[in-house]
Amino acid sequence: MKIKFSKDFLWGTAISGPQSEGALDKPHESIMDFWYKQNPEDFHNQVGPEVTSNMYLQYREDIEIMKQLKLNSYRTSIQWTRLIKDFETGEPDLKAVAFYRDYFKRVKESGIVISVNLFHFDMPIELQNIGGFENLHVVDLFVKYAETAFKEFGDLVDNWITFNEPVVPIEGGYLYKWYYPKIVDFKRGIQAGYYTILAHSRTVKTFKKMFANDSNKQISIVLNLTPAYPKDNSPENMEAAKIRDLIFNKSFLDPVVKGEFPKELIALFKSENILPIYTKEELKDIKENIIDFLEVNYYQPSRIQSRITPFEGQIMPEKWFENYEWAERRINPHRGWEINPKTLYEIAKDIQQNYNNFKWLVTENGMGVENEHLFKDETGQVQDDYRIDFIKEHLYWLNKAIEEGSSCFGYQMWTFIDCWSWANSYKNRYGLVELDLKTQKRIIKKSGFWFKEMIENGKEIEIEDNLIK
Ligand code: BGP
């Protein structure tokens, strides 16, 4: 069957500063730079964040490739540790200003809608050392940083984003030890999560003041939504899935879109004495500063059942649920993540039905694959048909939701070019463009050309029957 998207639908890719630019010329270190120096063995093949995909030096060439692929939108992030020279005053580093200005200007002049994110997991180590987002002072410094970015690049950037996946640094840094500072403390994680939302809301407030006369400028946040499917319809499993959804999805989604935290989540945290410290004035800022549209990263759902083994030890979200392996699941063996395209439709329906059909777009979706050189043809091009099928399957369900009235206006892939992926470094490749890490040479993959043709063909896509599940 054929599906079609509207003429003005946004097609593009997303990436982040720390994963693509490298660390050259940065005046400060992020937690990732610091962590790599301390424990290089924590990173796949010990590849660290110093060079990554070298976009700091090769962005001009990369923008030419974006043009060649006919992409009409692009997201990246500014590195706090690059832009700001003095965290206390928000004074910028002039070299960084010149770099970002030229970078964003070239994207814009190429007719590509540019979204710029302010935080993609890359807390400056100096600020992490004073508590990161557990410290209210860091909230103020974040707003100062945002203000500097708005001043320096406000004329160039179309859409601003405060945070990418704010729940991830809490999961990685305060619960499951994926990322520095590798603390295990749910209560502290909740405080850091709450202050992240406050930093977000106060940034939105500043933005709205600064751009009050420019209705074209918009601000958003990127949330990774991981809907929780209960094992069956038993009340215990339904309740477990509901709690998982409250803690990992609604905790951020509700305040940024509705201006309020879910009552059931507050009651749950209260019953465990893990509510964060807060003031009425802060809640007012959260209430009054909601986003203009929502950005959603979707990779995988979660599969949930109530606890079958007794929960022991310090309080963790798993007190209320357990993950289980769904027998019919399809897994991307490289990343170990479930592939379930229909969930994208369900996310769209949830936003349509429970969030007043809030305007949104997909800002990350993609498939990380290891050893992609094994899929090269005789010309040296990666034949990533698996990625093309992955995109088609997801677009089928997204299109269905849009046909049914969902106000989704774009789809961005993770990612433009193979990039550095935190502790996984370059293990799993996600790009439409292949990166040769040794030579920094770029080669467009088959999926890149497929994406280009799809855009050129007026966004009409042929979906084979076997891809509709
Ligand atoms: C998202 C992040 C990205 C990117 C992506 C792929 O959560 O926003 O930064 O890394 O996931 O995940 P990974 O790199 O862990 O395979």
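**Exercise 1. Find out how Q19 meets the ligand, then work outwards to its protein partners.**

Start with the ligand. In this predicted model, a polar side-chain atom of Q19 sits 2.8 Å from one of the ligand's oxygen atoms. Q19 also belongs to a short list: among the 13 residues around the ligand, Q19, E165, R335, S421 and Y430 come nearest.

Next, look at the protein side. The Q19 side chain makes a polar contact of 2.8 Å with the side chain of S16. The Q19 side chain also reaches the backbone oxygen of W420, again at 2.8 Å.

Now widen the view. Skipping neighbours within four places in sequence, the contacts of Q19 include T52, H120, W414, C419 and Y426. W420 and S421 are on that contact list too.

Last, place Q19 in the fold: it lies in helix α1, residues 17–20. Is Q19 buried or exposed? Its relative accessibility is 1%, so Q19 counts as buried; the cut-off for buried is under 20%.

**Exercise 2. Which distances link the side chains of N164 and E165 to ligand oxygen?**

Take N164 first: an N or O atom in its side chain is 2.9 Å from an oxygen atom of the ligand. Then do E165, where the corresponding distance is 2.5 Å. E165 is also one of the residues that come nearest to the ligand.

**Exercise 3. Trace the barrel, then zoom in on strand β2.**

Go round the barrel strand by strand. The order is β2-β3-β6-β7-β8-β10-β15-β16, eight strands with parallel pairing, and the barrel is closed. On average, neighbouring strands are turned by 25 degrees against each other, ignoring direction.

Now pick out β2, residues 10–14, and check its two partners. On one side, four bridges tie β2 to the parallel strand β16, residues 408–413, with G12 opposite Q412. Three bridges connect β2 to β3, residues 73–77, which is parallel as well; here T13 stands opposite Y74.

Then sort the β2 side chains by direction. In a regular strand, side chains alternate between the two faces of the sheet. In β2, L10, G12 and A14 point one way, while W11 and T13 point the other way. How many β2 residues are buried? Five of five, which makes the strand mostly covered.

**Exercise 4. Work out what pairs with β8 and which helices pack there.**

Begin with the pairing. Five bridges join β8 (residues 218–224) to the parallel strand β10 (residues 293–297). For a single example, S220 has F293 as its bridge partner in β10.

Add the helices next. Helix α7, residues 136–153, packs on the sheet and touches both β7 (159–164) and β8, with its direction at about 155 degrees to that of β7. Helix α10, residues 235–258, lies across β8 and β10 and runs at about 170 degrees to β8.

**Exercise 5. Describe the surroundings of F390, and say why it counts as buried.**

First, locate F390: it is in helix α14, residues 385–403. Second, check accessibility: at 4%, F390 counts as buried because the cut-off is under 20%. Third, list its contacts beyond four places in sequence: I339, N365, G366 and M367.

**Exercise 6. How confident is the prediction along the chain?**

Look at the whole chain: the mean pLDDT is 97, and 100% of residues reach 70 or more. Then compare elements: strand β19 (residues 460–462) has the lowest mean, 88, and helix α4 (residues 80–83) has the highest, 99.

Conventions: Residues are numbered from 1 along each chain as its sequence is written. This is a predicted model: local features need pLDDT of at least 70, side-chain atom pairs count only at pLDDT 80 or more; totals for chains, interfaces and linings use all residues. Side-chain values use heavy atoms; hydrogens and water are left out. Two strands pair if DSSP finds at least two bridges between them. Helices (H or I, at least four residues) and strands (E, at least two) are DSSP runs, numbered from the N terminus. Axes are lines fitted to C-alpha atoms, for helices over the stretch in contact, and angles run from 0 to 180 degrees between N-to-C directions. Contact means heavy atoms within 4.5 Å. Buried means under 20% relative accessible area, exposed over 50%, partly exposed in between (1.4 Å probe, protein chains only). A polar contact is a pair of N or O atoms within 3.5 Å; within protein, one must be able to donate a hydrogen and the other to accept it, and residues adjacent in sequence count only if both atoms are side-chain atoms. pLDDT is the predictor's confidence in each residue, from 0 to 100. A residue is near a molecule or strand if one of its heavy atoms lies within 4 Å of it.
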